[in-house]
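Here are a few exercises to work through with the model open. Try each task before you read its solution.

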Amino acid sequence: MKKIFTLLLISAATGAYAQKLEKLTIEKIMSDSKWMGTSPDAIRWSDDSKKIYFNWNPEAADHTSLYAITTGNTKPQKVDLAERKALTNGGTWNKNHTRKLFEQGGDIFLSDLKTGKVTSLALTTDRESNPTFSTDESKVLFMRGDNLFSLNLNSGELRQLTNFIRTMAGATPVAAASFGQRGGGGRQGGGVASGFNPRQGAATGGNQQEAWLRNQQTELFEVIREKAKDDKYNTAERKALQGKALKTIPIGEQSLSFVQQSPDGRYITYRLIKAADGAKTTIVPSYVTASGYTEDIPNRTKVGAPMSTSQSFVFDTQRDTVYAISTKEIPGIKDMPDYVMDYPKQLEDRTKRNEDRNVVIQGPNWSPNGQYAVAIVTAQDNKDRWIMKLDPATGKLSPLDRQRDEAWIGGPGISGGGFVSGNTGWLNNTQFYFQSEASGYSHIYVVDVVTGTKKQLTSGKWEVSDLHLSNDKKWFYFTGNVEHPGISHYYRVPVNGGSLVKLTSMKGGNEVELSPDEKWLAIRYSYSNKPWELYLQPNKPGAKAVQITNSTSTEFKSYPWRDPEMVTFKNRYGKDVYARVYAPKTPHQSKPAVVFVHGAGYLQNIHYWWSQYYHEYMFHNLLADNGYTVIDIDYTGSAGYGRDWRTGIYRHMGGKDLDDQVDGVKFLVEKYGVNPKNVGLYGGSYGGFITLMAMFTQPDVFAAGAGLRSVTDWAHYNHGYTANILNEPFNDEKAYRASSPIYFANGLKGRLLMAHGMVDVNVNYQDIIRLTQKLIELHKENWELASYPVEDHGFVQPSSWTDEYKRIYKLFEETLKR
């Protein structure tokens with residue numbers, strides 16, 4: 001599920017908001033965030049490693065601006081328009097990191113790091129994209145439209161390497177292919193010669209009478225026989241003069257992707273994606289529009305809708321032939337998931353069909369010398385991820401690694417659930433690296449594609465993310481939560497394994513951008529009660545990080561924002577649950593407590609860095625100021641704690657994840673003395689879903705709840721997220737019935753507030769309306785629905801935030817302070 005709130009970054013207002021914040025109010029904390037200041041964002045290095053660029057708004061202007069510092073002058077300076085126009089984003093470096101290819105505006109450019117010169121390679125009205133160097137760096141490979149081209153940097157020769165064509169309406173693939181050949185049309189390659197009459201739209205050889213007449217004419221008339229001989233000679237002569245024609249490859253209306261050439265130039269691999277037929281999509285009505293009319297927003301499919309399928313191919317230019325990459329040799333390609341055992345008829349039917357599962361192939365990824373190719377293959381049901389060696393001459397795959405998860409494949413740096421390769425690449429000509437959760441946590445692995453030997457480079461009850469191979473291929477750089485699940489640091493480790501080298505030292509969150517020359521770290525750092533700031537540090541262990549920006553306003557700094565107490569408690573299953581507690585200095589006499597449930601499911605909010613839920617963080621300070629004890633829990637399914645915690649909600653959302661909220665209440669009662677009769681909870685998106693499940697299935701634990709933009713029935717959410725966890729409604733109905741609040745609405749006893757944006761394209765407004773109708777039919781009276789006509793999933797307007805949180809606060813004041 002998408003994150004509920006986009007991280008709104010905070011910066012210093014010079015001379016603005018200088019007054020003291022005497023008291024927290026909902027109007028203040030939900031107002032335009034400029035009063036707090038806006039942190040630096042979108043941090044990136046110049047290609048020469050001399051400048052750091054970032055977005056910032058220290059003047060509290062209407063919009064952020066682009067700023068820059070140098071490693072020699074760290075005073076931020078606003079970047080002028082001319083320099084902004086000259087900036088290049090992204091691109092592909094050569095091996096020595098001296099030249100870079102990049103696309104800009106649909107054209108291709110080459111930048112020379114030493115001279116600073118930028119050369120235009122392709123300036124056309126067509127769109128060029130995906131430029132890369134050939135293995136010997138003498139050519140540039142790029143896409144123009146649907147086709148792959150090669151540009152020789154020495155001679156300037158431009159060569160088309162593929163001839164993919166879209167099938168013409170009403171024509172067979174064979175016919176379309178004949179029209180696409182060079183020299184086609186007329187006598188040489190058109191109608192009669194190809195066996196296709198464009199005027200009739202049918203093969204001429206299909207009519208016996210016409211064939212008989214043709215043979216008769218040839219038999220009777222010498223002039224026709226002579227003409228046929230001339231035509232045959234002329235065709236052969238033209239073909240010899242023209243040279244070999246580029247093979248036409250019809251692709252119909254399928255989407256084309258991953259077109260790439262092998263280093264030796266012989267093979268071109270590509271993937272075709274066929275859109276699903278009959279996949280019905282939802283429509284979201286927008287009521288407050290500039291036109292004055294209700295306007296429909298086309299939206300997504302629902303879980304279980306037909307899925308697109310893909311197939312990957314090899315074009316062998318030497319043999320002038322195309323063939324599919326074979327998936328039948330993949331180990332376990334027919335394996336069924338364990339949940340099918342709960343449905344005997346389905347098990348019988350699927351066993352009888354004995355079908356191969358649909359898969360998605362990423363790549364292949366060629367070794368530096370071009371001798372080996374590796375593809376990442378993911379099952380469409382997302383229960384398997386294979387790393388396979390490809391034999392391009394045959395299209396056959398052989399296994400190097402298989403990761404199986406009866407729940408779903410996922411975790412940091414790992415492909416899963418779609419068209420993503422994960423963190424993978426070559427260390428040298430025979431060793432391929434990847435990340436895997438085989439040990440229970442996402443770590444770095446290397447496999448030798450010749451011997452098949454695998455080696456795990458990192459280990460422990462922590463996770464690797466943001467993996468990056470050094471320019472000299474001697475080190476891996478990565479972010480890891482080695483010391484604590486809620487502390488992130490930047491590390492490096494030798495590619496052959498060994499001790500970790502810790503490069504950052506500030507406790508909290510460290511988001512690092514390594515300079516292209518790998519001499520500097522640009523660090524975006526924050527702490528629990530201190531928003532993000534930019535720091536600069538040499539790339540050396542123990543080096544001091546120098547703060548560059550000071551973004552928060554005087555008004556923001558005037559309030560003593562709490563550093564939440566980091567705690568753990570044992571849940572009923574004996575597992576450690578991490579949480580943050582906001583304890584009041586003077587609890588209210590009713591000893592009330594509020595549980596906050598973060599969104600997204602797979603998201604981490606119990607950490608020592610500034611939360612993306614900054615509105616909620618400030619609201620929790622306000623609640624604590626008013627006598628509430630607040631707890632925020634990284635429940636089962638949250639990120640940062642490894643595979644088993646991530647998949648602990650499989651086939652039952654609202655199971656262990658909700659149990660953790662209930663066990664958290666018990667912890668508050670025992671350690672903080674809260675009154676168990678005066679506990680409420682709230683959350684948005686997945687947090688809203690948990691709130692509904694809590695109010696419906698644990699009515700004696702929670703006296704009040706506020707469910708914001710909540711999923712009420714998982715059968716109406718999207719496929720990519722939901723099918724991973726609950727499979728498909730028509731295949732695993734038990735999982736959906738156990739996990740969807742709408743089936744448990746009759747259990748509501750306490751007071752329920754529901755709030756939802758009416759133009760929510762993530763959790764559609766229809767979701768909350770269906771639950772509303774169910775509550776009406778059940779004759780429930782202790783609920784209310786607040787609708788927000790202009791809001792999507794993540795609220796934007798301060799007026800909407802203010803209205804929503806005033807309602808939440810009123811709910812808690814009226815129900816928990818008894």
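**Exercise 1.** Find what Phe702 touches, leaving aside its neighbours within four places in sequence.

*Solution.* Start with the contacts (heavy atoms within 4.5 Å): Phe702 meets Val595, Gln661, Val662, Val665, Val679, Gly680, Leu681, Ala694 and Met695. Next, place Phe702 in the largest nonpolar core, which has 78 residues. Such a core is a set of buried Ala, Val, Leu, Ile, Met, Phe, Trp, Tyr and Cys residues joined through side-chain atoms within 4.5 Å, where buried means under 20% relative accessible area with a 1.4 Å probe, protein chains only. Phe702 and Val595 are among the residues with the most contacts inside this core. Helix α13 (686–697) gives the most to it, eight residues.

A word on the source: this is a predicted model, so local features need pLDDT of at least 70 and side-chain atom pairs pLDDT 80 or more, while totals for chains, interfaces and linings use all residues. Numbering runs from 1 along each chain as its sequence is written, and side-chain values use heavy atoms, with hydrogens and water left out.

**Exercise 2.** Is Asn731 buried or exposed?

*Solution.* First locate Asn731, in the loop between α14 (719–726) and α15 (733–739). Its relative accessible area is 15%, so Asn731 is buried. Now look around: beyond neighbours within four places in sequence, Asn731 is in contact with Tyr339, Tyr343 and Gln346.

**Exercise 3.** Which residues of α10 (614–625) meet α17?

*Solution.* On the α10 side, pick out His615, Glu616, Phe619, Leu622 and Leu623. Facing them in α17 are Trp801, Tyr805, Ile808 and Tyr809.

Methods:
Helices (H or I, at least four residues) and strands (E, at least two) are DSSP runs, numbered from the N terminus. Buried means under 20% relative accessible area, exposed over 50%, partly exposed in between (1.4 Å probe, protein chains only).
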